[in-house]
Structures are given as C-alpha cells and as structure tokens.
Amino acid sequence: MFCINCFHENTSVTNSRGHKKQPSVWRRRACTECGTVFTTLEKPSLAQNTQVHTNHGTKEPFNLGQLIVSIADAFSHNPNEGKKYALWLAQTVETTLSTQHPALLTPEDIEATTHVVLKSFDEVAAIQYAAKHQLIISASIKRRGRPSLVSPVRPTDASPSR
Ligand SMILES: [Zn+2]
C-alpha cells in the first residue's frame, strides 16, 4: 500500500492484530520514505461478497448507502444525531451481518439486525425504523401500559441469590 502522506509506494506493517470476534484485521503501517505512520482496517466487503434477495425474486449486492439512508430516516426526532451517527450505525449493522449470516441475505435479516443495533443506541429511532419497515416488535410495544407484568430485569435481580 502506498503512503497517505508522500505517496511513496513502499510502506511496511509495524503492528497487526486480528479482531477476536469479527472478521477484521487492524494494521499499523509506516512509510519507508517519510516515516508517516497510519492505520488500516481490513474486513470483508459485504457489497462485494453478499447478495440480498429482493421482493421481485432477484438478487442484488448489499447496499451500504441504502442502509445509511434508511437509518438516517429513523432519526426524524433528532436529525442531527441521524447525520452524525447513520454511517457508524450502518457499519455496525454491516459488521454484525458479516459475522452472523452467510453470503445470501434477506431484507428481513438486514431489518432485524438494524433494529437491534438501533435499539441499543436510540430507542425512539428503533421504534420509528420498525414502524417504517413494518417490523413486529412485540416486546417494546406490549411493555407499554403493563409495566408490572414485563418490567425489565435489572442486573442486580439477574444475579443468583445465595
Ligand atoms: Zn511517505
């Protein structure tokens, strides 16, 4: 890989680490000419490796741009937050999909994973995303109005009592 500072064609890898839970490798590179040090991250490209079933019975490559837009759309209550984090959230969805699913995805796989990622980041965005994509989100909807029946278990309640 060439240098990002002087475009010299030789850089050497000075440190490298594979992620333990994701298919990715982090590398620190140094330019042999100007000494600039920079980091690269190697991971599978879903756009290159993964096909998605369409509603018309065809297949098309995974589209990160489409996912970013659909995530940003879920932030109508907070558009600035959407602009700031849509890319990062979409990349998290992409990484999660690459570790959990084979090379052929359904739109439902993508929607379900996106919903889970959004829910851990912004509950309102997750609800708006689910509504827009007509997802059935039993837990969070049913919980409203009947909190005593299905109130969330707090970490202290979950630990075994001795
Ligand atoms: Zn250089």
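Reader: Which order do the strands take in the open sheet of three strands with antiparallel pairing?
Author: Welcome! This is a predicted model, in which local features need pLDDT of at least 70 and side-chain atom pairs count only at pLDDT 80 or more, while totals for chains, interfaces and linings use all residues. Strands here are DSSP runs of E with at least two residues, helices are runs of H or I with at least four, and both are numbered from the N terminus. Two strands pair if DSSP finds at least two bridges between them, and in this antiparallel sheet the order is 1-2-3.

Reader: Which strands stand at the edges of that sheet, and why is one side of each left without a neighbour?
Author: Residues are numbered from 1 along each chain as its sequence is written. Each edge strand has a single partner strand, so one of its sides has no neighbour in the sheet. Those edge strands are strand 1 (11-18) and strand 3 (37-42).

Reader: What is the average twist from one strand to the next there?
Author: The strands of this sheet pair in the antiparallel sense. Taking axes as lines fitted to C-alpha atoms (for helices, over the stretch in contact), with angles from 0 to 180 degrees between N-to-C directions, the twist from strand to strand averages 25 degrees.

Reader: How many bridges join strand 2 to strand 3, and which residue stands opposite R29?
Author: Strand 2 (residues 25-31) runs antiparallel to strand 3, and six bridges join them. W26 has L41 as its bridge partner in strand 3. R29, in turn, stands opposite F38.

Reader: Which residue in the turn of the strand 2 and strand 3 hairpin has a positive phi?
Author: Five residues lie between the two strands of this hairpin. One residue in the turn has a phi of about 85 degrees, and that residue is G35.

Reader: Is K21 buried or exposed?
Author: K21 sits in the loop between strand 1 and strand 2, and its C-alpha is 8.1 Å from that of T99, although 78 residues separate them in sequence. A residue is buried if 20 or more other C-beta atoms, placed from the backbone, lie within 10 Å of its own, exposed if 12 or fewer, and partly exposed in between. K21 has 7 such neighbours, so K21 counts as exposed.

Reader: In the open sheet with the order 5-4-6, which residue stands opposite V52?
Author: The pairing in this sheet of three strands is mixed. Strand 5 (59-61) and strand 6 (104-105) are its edges, so each has one side without a neighbour in the sheet. Strand 4 (residues 51-53) pairs with strand 6 in the parallel sense over two bridges. Opposite V52, in strand 6, stands L105.

Reader: How are helix 2 and helix 3 set relative to each other?
Author: The axes of helix 2 (residues 64-73) and helix 3 (residues 79-100) come within 8 Å and cross at roughly 130 degrees. Angles under 35 degrees count as roughly parallel, over 145 as roughly antiparallel, 65 to 115 as roughly perpendicular and the rest as oblique. The two helices are therefore oblique.

Reader: What is the overall pattern along the sequence?
Author: The chain has seven helices and six strands. Of its 162 residues, 18% are buried. Read along the sequence, the pattern is β-β-β-α-β-β-α-α-β-α-α-α-α.
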